[in-house]
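This report walks through one protein chain, beginning with a loop and moving on to the chain as a whole, its empty spaces and its surface. Please keep the sequence and the 3D view side by side while reading.

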Amino acid sequence: MSSLRILVPVKRVIDYAVKPRVNKAQTGVETAGVKHSMNPFDELSVEESVRIRDKKRAPGGVEDICAISAGPAKAADVLRTAMAMGADRAIHVELKEGQELEPLTVAKLLRAAAEREKSNLIILGKQSIDDDAAQTGQMLAGLLGWSQATQASKVEFGEGDSVLVTKEVDGGVETVKGKLPMVVTTDLRLNEPRYATLPAIMKAKKKKLEKAKLEDFGVEAIARLKTLRVTEPPARQGGGKVEDVDGLVSKLKELGAL
């Protein structure tokens, strides 16, 4: 098996424990003064990459683990976290505050990054918890022409350059087999990410954090979709009680459900 050069995309999102609020202009979610952290699915990706190296699971070994993120200045925080978890280095593609990239643009950026870094395995979260698009991994594999396996709950390496990925499906599990180079997207049952210890955080400060621009990768931030308005969902109506089945049928007819 070839030695692995792993690319791990990570995204800075509003922390999963924070309840999102729509901003006053109704143009999006309020982000000012709100706690941010690494997208939980991306934490799984970093952890899996580090485990593959540390536990020597790949016959050819792991040559390099590079984390990459596109975002404003504070996105560097999640890259430092990734390096504290065990990534060797990181690339920060700098964006303006409030600038968002659509999944296709992100996929094009990652394709260019993978080609430049000579990556042969890309491990990324199946989705980010802010837009829940779940599109980037599939688009990326299509653009690169690589094998792909989505929603991984287990990743194993076989003979040659083969990779076995187990994922949960309705009613059981499914195992797919692909060959490097490959794109794998991660699901929650894959592993339990480690906490970055203080010594690891201090060591991460000495690791290389490269700054770059979208133009460096030949990518333009083209917006194909326009958000017209963002509003809170309507308050849920309280339930009611019925005495028997006839009462239930009558109520459903009254509501137009029958």
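Asp 132 is found in the loop between strand E6 and helix H4, the latter covering residues 136-144. The model in which this loop appears is a predicted one. Although Asp 132 is not a glycine, its phi is positive, at about 55°. Does Asp 132 count as buried, partly exposed or exposed? Its relative accessibility is 44%, and because partly exposed residues lie between the limits of 20% and 50%, Asp 132 counts as partly exposed.

A second residue with a positive phi is Lys 118, which is likewise not a glycine and has a phi near 60°. Lys 118 sits in the loop that connects helix H3 (103-117) with strand E6 (121-125). With a relative accessible area of 62%, Lys 118 is exposed, since exposed residues are those over 50%.

Another backbone feature occurs at Pro 181, which is joined to Leu 180 by a cis peptide bond with an omega of about 0°. Pro 181 belongs to the loop between strand E9 (172-179) and strand E10 (182-186).

**The chain as a whole**

The protein chain contains 6 helices and 11 strands, and its C-alpha trace spans about 70 × 45 × 40 Å along the principal axes. Of its 258 residues, 41% are buried. One buried residue is Ile 68, whose relative accessible area is 2% and whose place is in strand E4, residues 62-71. Ile 68 also shows how the fold brings together parts that are separated in sequence: Glu 210 is 142 residues apart from Ile 68 along the chain, while their C-alpha atoms are separated by 9.3 Å.

The relative accessible areas of the residues discussed here can be set out together.

| Residue | Relative accessible area | Class |
|---|---|---|
| Ile 68 | 2% | buried |
| Met 202 | 43% | partly exposed |
| Asp 132 | 44% | partly exposed |
| Lys 118 | 62% | exposed |

**Empty spaces**

Rolling a probe the size of a water molecule over the atoms shows where empty space is left. How many cavities of 30 Å³ or more are there in this model? The count comes to 1 cavity, and the largest cavity holds about 30 Å³ of space. Its lining is made by Ile 14, Val 18, Lys 19, Pro 20, Arg 21, Glu 30 and Val 34, a group that divides into 4 nonpolar and 3 charged residues, with no polar ones.

Pockets, unlike cavities, are open, and the second largest pocket has a volume of about 580 Å³. It is lined by 22 residues, and those closest to its centre are Tyr 16, Ser 37, Met 38, Glu 43 and Tyr 195. The elements that give two or more residues to this lining are strand E3 (36-38), helix H1 (40-54) and helix H2 (76-85). Helix H2 gives the most, with 4 residues. By kind, the lining of the second largest pocket divides into 11 nonpolar, 3 polar and 8 charged residues.

**A nonpolar patch on the surface**

Leu 198, Ile 201 and Met 202 make a nonpolar surface patch of about 280 Å². Met 202 lies in helix H5, which covers residues 198-204. Why can Met 202 be part of such a patch? A patch is made of residues with over 30% relative accessible area, and Met 202 meets this limit because its relative accessible area is 43%, which makes it partly exposed.

Key: Residues numbered from 1 in each chain as written. Predicted model: local features only at pLDDT ≥ 70, side-chain atom pairs only at ≥ 80, totals over all residues. Heavy atoms only, no water. Patch = residues over 30% accessible without salt bridge, like charges linked within 9 Å, V, L, I, M, F, W, Y side chains within 5 Å. Areas by Shrake-Rupley, 256 points an atom, 1.4 Å probe, with all protein chains shown as cover. Salt bridge = Lys/Arg side-chain N within 4 Å of Asp/Glu carboxyl O. Buried < 20%, exposed > 50% of the residue type's maximum accessible area, 1.4 Å probe, protein only. 1 Å grid on protein atoms, 1.4 Å probe; cavity = no way out; pocket = protein on both sides within 12 Å on 5 of 7 lines; lining within 4 Å. Points joined across faces, edges and corners; volume = space filled by probe spheres on them. Nonpolar A, V, L, I, M, F, W, Y, C, P; charged D, E, K, R; others polar.
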